[in-house]
Amino acid sequence: MTQVQGPASPVGPADGGATGSAGGDGVRTPPTYVWEPTTEFLAASYGLPREAIVRFDVNTSPVPPDMAAVLAGPFFPVLSEYPPSDYAALVAAGAAAYGVAPEELLPTAGADEALDLSARAFLREGATAVVATPTYAMYRIVSEQRGARVVGVPRLGPSLGFALDVPALAAAVSEHDARLVWLCEPNNPTGSYEPPERIGRLLAALEAAAVAARSTPPVVVVDEAYAEFVGHSTLELRHDYPRLVVIRTLSKAHALAGVRVGFAVARHETLAPIVSFRAPASVGTVSAALAEAALRNPRLAAENVARIAEQRDRMSRELAALGWAPYPSRTNFILVRFSSPAAAAAAAETLLRRGLVPRQFDGDHPFADCLRLTVRSDEENTRLLDVAREIPA
Ligand SMILES: Cc1ncc(COP(=O)(O)O)c(C=O)c1O
């Protein structure tokens with residue numbers, strides 16, 4: 001039997017040896033590994049029970065090691081085999097949770113893998129990526145790793161809620177013929193949130209500029225790692241702007257950072273080049289099962305979000321009462337400004353001496369005079385607030 005495309009890589013190219021252009025950006029899709037058919041697919045194809053299928057094709061071991069029986073519990077029997085190449089159950093759960101079609105969703109090893117794959121798919125050496133700054137560092141890193149140039153467009157100031165500078169972003173895209181725009185909504189590290197309507201305005205401006213220039217609009221990647229904390233998504237905008245890629249993760253609201261599961265979500269034709277770059281089965285069996293269960297139980301994330309929102313508001317209130325200057329946050333972290341970078345560093349040192357680890361920013365970062373504090377449990381936050389009382393604002 002020849003290799004067939006597993007049903008769960010519905011967006012992958014059918015010919016593993018083929019190369020092709022990815023979306024008119026001059027990026028060639030690489031030869032892509034065609035995944036082995038899933039056990040479920042083979043059982044269905046040959047009219048056999050699933051248990052009758054024995055994998056002599058993928059060079060695995062017949063049973064997992066003994067120690068895994070203790071560590072992996074119910075996952076033990078499946079550990080010596082690869083996960084189903086289509087991740088059908090995880091894809092179905094993700095599609096239902098995000099309200100998209102299964103072929104619009106690619107499971108990845110965390111949001112970070114989805115960011116890396118997006119850069120691989122849409123940036124070539126010498127291309128330009130535009131990024132709204134200050135923001136998550138990975139956009140610059142994965143772009144520069146591909147040999148692309150990164151043009152930062154500063155967000156508006158704190159009095160304007162660190163909103164996107166939509167005209168400046170559109171102008172930067174036109175000026176540099178940018179092929180990729182990175183947005184983080186809600187934004188790390190500001191904790192601010194941009195309503196989807198304003199992102200829609202940016203997408204419309206990019207589309208109009210591309211039509212006028214007779215070119216293809218850039219891919220816009222919106223990293224929605226913290227979307228559940230605001231309860232809004234830009235996903236619907238993909239209907240009007242086909243080159244939108246939305247990144248989601250189980251690491252934040254779902255409280256499963258150790259599981260390493262995220263998604264790239266986009267229209268089928270936009271997702272296809274991203275799929276081509278992913279190594280087969282980058283999400284482990286245990287991770288896929290845990291992520292699927294979490295997505296099937298949205299109440300768990302909702303409860304976590306509510307708990308964190310309550311603690312976040314408490315932290316912001318109590319820090320402000322101490323004379324600290326927390327910026328408003330819609331996420332699970334708070335950016336706090338100090339009188340100077342030295343004051344921020346001194347506060348960090350006091351916290352660190354007590355085992356409490358804040359996020360600091362380098363001297364040349366626009367937030368060098370800030371610390372970013374994750375909202376944690378009631379007791380842990382109380383520990384932080386107790387130490388904060390000893391620190392001058
Ligand atoms: C904006 C943003 N995107 C992505 C990530 C990484 O997410 P993941 O754990 O899913 O790789 C983070 C983690 O802090 C983040 O802040």
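Okay, let's start with one residue: N304 sits in helix α10. Helices here are DSSP runs of H or I with at least four residues, strands are E runs of at least two, and both are numbered from the N terminus. Before I go on, this is a predicted model, where local features need pLDDT of at least 70, side-chain atom pairs count only at pLDDT 80 or more, and totals for chains, interfaces and linings use all residues. Residue numbers run from 1 along each chain as its sequence is written.

So, is N304 buried or exposed? In between: N304 is partly exposed, with 17 other C-beta atoms within 10 Å. The cut-offs are 20 or more other C-beta atoms within 10 Å for buried, 12 or fewer for exposed, and partly exposed in between, with C-beta atoms placed from the backbone. If you skip the neighbours within four places in sequence, N304 is in contact with A253 and A255. Contact means that the C-beta atoms, placed from the backbone, lie within 7 Å. P366, on the other hand, is 62 residues from N304 in sequence and 31 Å away in space, C-alpha to C-alpha.

Zooming out, we have domain 1 (82-296) and domain 2 (299-388), with bounds from an automatic or database domain assignment. Their C-alpha centres lie 26 Å apart. Across the boundary, 17 residues of domain 1 are in contact with 16 residues of domain 2. The domain 1 side of that has 11 nonpolar, 4 polar and 2 charged residues. For the classes, Ala, Val, Leu, Ile, Met, Phe, Trp, Tyr, Cys and Pro are nonpolar, Asp, Glu, Lys and Arg are charged, and the others, Gly among them, are polar.

Now helix α3, residues 88-98. Its buried residues include L90, V91, A93, G94 and A97. They span an arc of only 165° around the axis, so they end up on the same side of α3; the arc is taken from the directions from the helix axis to the C-beta atoms. What do the buried residues of α3 pack against? That would be β3, β9, α9 (285-296) and α10 (298-321). Right after α3 comes G99, with a positive phi near 70°.

Let's follow β9, residues 262-266, where 5 of 5 residues are buried. G262, A264 and A266 point one way, F263 and V265 the other, and all are buried. Strand β3 (residues 105-108) pairs antiparallel with β9 over 4 bridges, and pairing here takes at least two DSSP bridges between the strands. Strand β8 (residues 244-249) is also antiparallel to β9, joined by 5 bridges. A264 in β9 has L106 opposite, and I247 stands opposite A264 too.

G262 also turns up around the ligand, together with G110, A111, D112, Y136, C184, N188, D223, A225, T249, S251 and A257. A residue is near the molecule if its C-beta atom, placed from the backbone, lies within 6 Å of it. Helix α4 (residues 110-122) gives the largest share of that shell, 3 residues. By class, the shell has 5 nonpolar, 5 polar and 2 charged residues.

Last stop, the open sheet: 4 strands in the order β10-β11-β13-β12, paired antiparallel. β10 (325-326) and β12 (359-360) are at the edges with a single partner strand each, so one side of each has no neighbour in the sheet. In between, strand β11 (residues 333-337) and strand β13 (residues 370-374) pair over 5 bridges, with L335 opposite R372 in β13.

How values were computed:
Two residues are in contact if their C-beta atoms, placed from the backbone, lie within 7 Å.
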